[in-house]
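Open the model in your viewer and keep the selection box at hand. The tour goes from one stop to the next.

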Amino acid sequence: MKTLNTYKSVLILALIFLVSSCTNFDEITDDPNRATSVPPSMLLSEVLRVMNNVGDEGPWSEAQRDNQFWAISFDYYGDQDYNWGSAPLRYSTLSNVIAMEKEAANLDTKNKYGALSKFFKAYFLDYMTKRMGDIPMSEALKANTAEKITQPKYDSQKEVYVEILALLEAANTQITLAQTEVGTGNVEGDFLYEGDLSKWQKTINAFRLRVLIGLSKKTAELDVISQFNQVVSNPSKYPLMTGISDNMVRKFADENGNQYELNPSNYGFNRNRNIMGGTYLDILKQNNDPRIYVVADPAKFYYNAADPLNLNAYVAANTGDDQGAMQVASDQGKYSYPSEKRYYSTYSGEDYILIGYAEQQFVIAEAINRGWITGDAGAYYNKGISASMAFYAVADADVATFLASSNITYKGNNTTGLEQILSQKYVAFFQNSEREAYFNYRRTGIPAFNVGPANNNGGKIPMRWKYPQSEFETNKTNVDAALTSQYSGSDDINAKMWLIK
């Protein structure tokens, strides 16, 4: 498979399409020396580059600290702060999506690119709205149209999710058509799935289930349950992922390319600062989870070579802990660090999952537990755990022993069973899927996130991000109206958006 790095050296002519929601196209004049048409394959590569540029939400990032998977002991290099600022907008990328659709309109591959464009629209709208709340949608990116809208209104979050679900339904329909018509074959420019439309279709539907379960508090306002039933009950029309080989992943390259965040070159720089997070590691310890021996090293202070599997030697730091005391304990070797063998022995590291099979199985298990659909929630729950174990190459015998343990055996379609599903889903999100671990906590409260003096947000985990300052500078009337309608006029990170009320 080609890696993301292959495309970094490509000049993305698609930049002629990059605009913000408030860009005035009247200021852009034609240049006879500049390309005015870009192949849809190149536009697709640019959209995927943005989607895969996980950056601050990638492995061992600040987002993964916010997910409480790890902690940092030295405040000079980072903090445990939950005093969030603004979230990024994605309208420049959406403009490339629209351009891709336009450029493909006269090709026999138009339905392939059209189906993917609908997915990308849904993906980036979801990305923005679940971070901030209401966003511009119906009037966004219309500065260059006859309407010349340079200050787009904000659509309600409910309206945005109605559109997201409609886009995903249309994407599934169109990608089915694309696989049966003239021009069937791999889509050029796709370095994620090498243009394999069958895998794209599975991902589109897995993502739709993620969106639907994220609307669990809004089943009375939207047809969430019926849509969930519609997808799961008709696999021939809505194929889903069947194993971890279907995972949408970002791959990292060797020492000459895109390097995994932890690697041999930075071992001496951050090895003693990155500490395993208590919210995550304590779940593994409580359940005697074999994944603990794969992802973490025992604390040197407590390690006994005569008893190498002693779980008491695995000691985590809490996200809210004072960093000064944490640094002292770290210097004394009293904390567990990320596994040296797994995370520091190679530049390519492990695959970074964007949308995965394990998550899909836990989502279906949760839906059954909630009574949305019929089925064996325990079976899906076990498949989710097994998929996560397979990602870490845990031996089959160890997986079987784990699934049969009293803490893990599914306790039924009740609150205890739901907590089991959500806790194991959280474990499977370790160092992947951007902020989905946080979003699931925000929606359900499971697992309980740690708060303390280092959190710097009044003992609270925030509920949202602020709108970018650029919106207050270029679209003030509409962003102020959105704040008034949602949050009593305050851009408050602790306010609850419609999605989670």
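Leaving aside its neighbours within four places in sequence, which residues is Asp190 in contact with? Select Asp190 and look around: Leu44, Leu48, Gly195, Asp196 and Trp200 are the contacts. Contact here means heavy atoms within 4.5 Å.

Before moving on, note how to read the model. It is predicted, so local features need pLDDT of at least 70 and side-chain atom pairs count only at pLDDT 80 or more, while totals for chains, interfaces and linings use all residues. Residues are numbered from 1 along each chain as its sequence is written, and side-chain values use heavy atoms, with hydrogens and water left out.

**Stop 1: Asp190**

Stay on Asp190. It is found in the loop between helix H6 (157-178) and helix H7 (197-214). Helices (H or I, at least four residues) and strands (E, at least two) are DSSP runs, numbered from the N terminus. Show the side chain of Asp190 and that of Trp200: a polar contact of 2.7 Å joins them. A polar contact is a pair of N or O atoms within 3.5 Å; within protein, one must be able to donate a hydrogen and the other to accept it, and residues adjacent in sequence count only if both atoms are side-chain atoms. Now add the backbone nitrogen of Tyr193, which the side chain of Asp190 reaches at 3.1 Å.

What is the nearest side chain of opposite charge to Asp190? Select Lys199, 10 Å away. Lys and Arg count as positive and Asp and Glu as negative; His and the chain ends are not counted. Asp190 is buried yet has no salt bridge. Buried means under 20% relative accessible area, exposed over 50%, partly exposed in between (1.4 Å probe, protein chains only). A salt bridge is a side-chain nitrogen of Lys or Arg within 4 Å of a carboxyl oxygen of Asp or Glu.

**Stop 2: helix H2**

Two contacts of Asp190 are Leu44 and Leu48. Both are among the buried residues of H2. Select residues 40-52 to see the helix. Its 13 residues reach 18 Å from first C-alpha to last, close to the 18 Å expected at 1.5 Å a residue. The expected span is 1.5 Å times one less than the number of residues. H2 is largely enclosed by the rest of the structure, because 11 of its 13 residues are buried.

**Stop 3: backbone oddities**

Go to Glu194, in the loop between H6 and H7. Its phi is positive, about 55°, although it is not a glycine. Glu194 is partly exposed, at 32% relative accessible area.

Jump to Glu434, in the loop between helix H17 (415-428) and H18. Phi is near 50° there, again in a residue other than glycine. Is Glu434 buried or exposed? Buried, with a relative accessible area of 11%.

Next, select Ile446 and Pro447. The peptide bond between them is cis, with omega near -10°. Pro447 lies in the loop between helix H18 (436-444) and helix H19 (469-474).

**Stop 4: salt bridges**

Side chains of opposite charge can pair when their charged atoms come close. The count here comes to 24 salt bridges.

Select Arg435 and Asp66. Their closest N and O atoms are 2.8 Å apart, in a salt bridge. The pair links distant parts of the chain, 369 residues apart: Arg435 in the loop between H17 and H18, Asp66 in helix H3 (residues 62-66). Arg435 is buried at 7% relative accessible area, and Asp66 is buried at 4%.

Select Glu436 and Lys130. This salt bridge has its closest N and O atoms 2.5 Å apart. Glu436 sits in helix H18 and Lys130 in helix H5 (residues 110-132), 306 residues apart.

Select Arg271 and Asp297, whose side chains meet in a salt bridge (2.6 Å, N to O). Both residues are buried. Finally, add Asp126, Arg210 and Glu359 to Lys130 and Glu436: salt bridges that share partners join these five into one network.

**Stop 5: Tyr381**

Select Tyr381 in helix H15 (residues 377-391). It counts as buried, at 1% relative accessibility. Not counting residues up to four places away in sequence, Tyr381 touches Phe362, Ala365, Ile408, Tyr410, Gln420, Ile421 and Gln424.

**Last stop: the whole chain**

Zoom out. The chain has 20 helices and 6 strands. Of its 501 residues, 56% count as buried.
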